Amino acid sequence: MSEQVESLIKKEYAAGFHSAIESDTLPPGLNEEVVRFISAKKEEPEWMLDWRLKAFRAWQEMEEPTWAHVHYPEIDFQAVSYFSAPKSMADKPKSLDEVDPELIATYEKLGIPLHEQEMLAGVAVDAVFDSVSVVTTFRAKLEEAGVIFCPISEAVHRCPELVQKYLGSVVPQKDNYYAALNSAVFSDGSFVYIPKGVRCPMELSTYFRINEMNTGQFERTLIIAEEGSHVSYLEGCTAPMRDENQLHAAVVELVALDNAQIKYSTVQNWYPGNAEGKGGIYNFVTKRGICHTNAKISWTQVETGSAVTWKYPSCILKGDNSVGEFYSVALTNNFQQADTGTKMIHLGKNTRSTIIAKGISAGQSNSAYRGLVRINPGADGARNFTQCDSLLIGDRCGAHTFPYIESKNPSAVIEHEATTSKVSDDQMFLCQQRGLDAEKAISMIVNGFCREVFKELPMEFAVEAGKLLEVSLEGSVG
Amino acid sequence: MTDFQHLALKLATTQRSPDWLKDLRERGATSWSSAKWPTRKTENWKYTPLAPLQSAAPARWASTAGNDWQNDIELMDLDATRLVFVNGQFSAEQSTALPAGVVRFADANADQRLLIEQKLGTVVDAERHLFAALSNAWANDGILIHVARGQSLAKPVYLLNVSTPEAEPAVSNQRVLIILEDGSHAEVIEHYVSADSEQNGFVNSLTEVVVGNNAKIEHYRVNLEQEDLLHVGGVHVNLHRDARFHGFTLAQGSRLKRIDYQVNHRGEGAHLELHGVYLPRNKQLIDYHTNVEHCVPHCTTNEVFRGIIGDSAKAVFNGRIHIHPKAQKTLAELSNKNLLTSPTAEIYTKPELEIYADDVRCAHGATISQLNETSLFYLQSRGVTRAEAISMLSFGFINELLNQVPQQAVQDYLRPRLTTLFGKGSELVGQLAYE
């Protein structure tokens, strides 16, 4: 069976292509001038520049964190270019027809529902091509409902008071090394504002692509759900194949005011590097949401890409009765490394959190769950349930669990359980004896293993996620 | 180097020690002085500040006090080889005659000395355990328990460590080396107590255990010192083929109490059974760090720790299980359950799994909660007062582990103490003991 493994493992990354579009790219390096350049390029107001500079100065004093269970060569932050925009942006396309056809072709290859498909898919797409949002659709329909869904660079001009109030309120500039870097140089990202009592009429979605050589991409997403509102946001990504490691440091901030609900789903399929562990994306992401009274934030993620993943979507359960959820599937193959998990900070009374994390390791990869559940003294009646399961495929991979559980309230109830095992021989035998080949059997078992998480995904994503696992696991059957 | 590191090194120079331990002491001193002093950012000491040790700044060795402690301390009632240490110093008068194979380092014959030289400091990794490095730097005396091939110790070895009050903060160093040759068996009880509530010293204790092929040991470590006594201790074990280590530990907290269990599965078929109980009260701190290394296939681990944290006490538990790439067919389980009984009590638990082999079954679980309201209601509906119900249920939570202790004398010693601790007289003991 191992030859079969070898042959299948060599399958190339399906989304690997590079569209040749001229870019207005800044030379590599990072200093105050670069920050000013980015800010000027976006015609940002004074306060925004000050905000960026404050972050930049903080970043200079900070040290790169080393505690994660990942190993990679040191990143030279001066060798990264911090701004890149497709050239055709200069003459501002008015409609889709005016958009660089090659760009459209890129999206079509990826199957992004941007053109005719947009209606069929019923999804508003804010596509980030490298660092500038090129086309935003469905704006009008959303505006009818009072929903603001636009690039954050636009939001800075359109609703500065909201941006000023909430930007950095959940993830402060100095939060951590990568968040500080992002705050200083973030290029663009999505801004969502759901007014009071509004249920967003459609699921919002953004596709990110990293396209330009050696360009770090630094998205900044800010979602504000006013009292009693509801929104579901999808994020998905693929990246062209490349040999150099690319840096990605995004920040996502969610604000769920009283009685609001935010559901944030991610399918991440960036280039994981080739079978020898060469190349791949370095993904250092800070995602955090704050829940006010009776609010709910739900994170769902399917992580199959990136060479190195460092990502901990978190919930601050500030208001009484607020709810935090985290559902995650992290799949690593070949030489991928993932250190991912969540933080649930219980501050309010009767706050509840659920964590379901499924890790699948194949090849020579390592995946780690690192989570924190903290119950503060005021969180009477808080409740947490955590389940972390790991599945090992092959004898050269690793699966690790590092849960931090801290409680300072005697009325809180916290449960944590974790298991690690391989795909059982009995299950394999049963499937194969019923006529399935090893590959199909594994895929079926893994899908079953992840079912609890997949059922949390919006429908379109659930299908994509299932397929993604199948592709990512191809050849890992031993 | 911090002040305490300097202080400790200075203490080492004022010690008389045999020449044949010189190497170990020098190595220890080097690791100790080159080590980075743990802070809040040091993962292994994240929740356990060493400030009490630094502020106590003990600058002298504890003396051997007189015999007046005896009235204060009740011993475990068992027929054993008893070795008594007062402030880390061996007290021959209090101890029983030693059987062959149990000997002070100072009295060791040539063969035993050779054995100590070969083995002492080899089980523990002093680079990873700061206070083991200190113990090496301070090594001068200790106890060797050596059981020859196929032999079994006729009686359990009972090591009683008494701390008595000192005028000024003082340190003591406690070292035990247990070597079980193939097919042998021993039972060792380490009992730490203090004679008086006026305590200000620091105890650094280290036990190294080598369990040979097919050998077996029951090991107990009971830490019931007063809360002002600072204690950092470690039990480091190497298990060879088909070896068994059955460990039980129970501790109350103190201003600083840290106990490390490090077990290395070195031979196939080895089994570790480790049960622990921690019961910090008042403003005490207790920190248990356990680390099990599965280096070879076919080994099993079962680890159960339970804690009841009351008042403003703080408990830290870190249970790591590390499965190396070769350790296929491993079965490892860890369970940690905690009861918080007061609004100001704190618990920090971190069960860790690090797995590099695929054909294994590993699981860990951790819970934190309070006593079950339904159970309390049930008892109250049967006429039991709430206070009694609480103490019954708390005791029951611990009693499950206590019942599994193989040595009856340890059970009998601890049970009444625990019931008192939970605010209930000894009448409960009889009822609950064997249910």
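In this predicted model, B:Pro297 touches a small set of residues that lie more than four places away in sequence: B:Glu268, B:Lys326, B:Ala327, B:Gln328, B:Lys329 and B:Thr330. B:Pro297 itself sits in a loop of chain B, between strand β15 (285-294) and strand β16 (300-309). With 17 other C-beta atoms within 10 Å, B:Pro297 counts as partly exposed, because a buried residue would need 20 or more such atoms and an exposed one would have 12 or fewer. For a sense of distance within the chain, B:Thr164 makes a handy landmark: B:Pro297 and B:Thr164 are 133 residues apart in sequence, and their C-alpha atoms are 46 Å apart in space.

Stepping back to the whole of chain B, the chain has 9 helices and 20 strands. Its radius of gyration is 21 Å, close to the 22 Å that the globule rule gives for 435 residues, so chain B is as compact as a globular protein of that length. The C-alpha trace of chain B spans about 70 × 55 × 45 Å along its principal axes. Of the 435 residues in chain B, 52% are buried. Contacts tell a similar story of residues brought together from along the chain: among those in chain B between residues at least 6 apart in sequence, 84% join residues at least 24 apart.

Chain B is also described by its domains. The domain assignment gives domain 1 (3-267) and domain 2 (379-435) of chain B, and the centres of these two domains, taken over C-alpha atoms, are separated by 30 Å. Their contact takes 11 residues from domain 1 of chain B and 8 residues from domain 2 of chain B. On the domain 1 side, the elements giving two or more residues are β8 (185-194), β10 (216-224) and β12 (244-251) of chain B. The largest share of that side, 3 residues, comes from β12(B). By class, the domain 1 side divides into 7 nonpolar, 1 polar and 3 charged residues.

Finally, the two chains meet each other. Here 31 residues of chain A are in contact with 31 residues of chain B. On the chain A side, β20 (383-393), β21 (398-407) and β22 (413-422) of chain A each supply at least two residues, and this side has 14 nonpolar, 11 polar and 6 charged residues. Strand pairing also crosses between the chains: 7 bridges join β22(A) to strand β20 (residues 361-369) of chain B, and the two strands run antiparallel. Within this pairing, A:Ile414 has B:Ile368 of β20(B) as its bridge partner.

How values were computed
Residues numbered from 1 in each chain as written. Chains lettered and ligands numbered in written order. Predicted model: local features only at pLDDT ≥ 70, side-chain atom pairs only at ≥ 80, totals over all residues. Helix = DSSP H or I, 4+ residues; strand = E, 2+ residues; numbered from the N terminus. Contact = placed C-beta atoms within 7 Å. Domains from an automatic or database assignment. Nonpolar A, V, L, I, M, F, W, Y, C, P; charged D, E, K, R; others polar. Pairing = 2+ DSSP bridges. Rg over C-alpha atoms; globule rule 2.2 N^0.38 Å.
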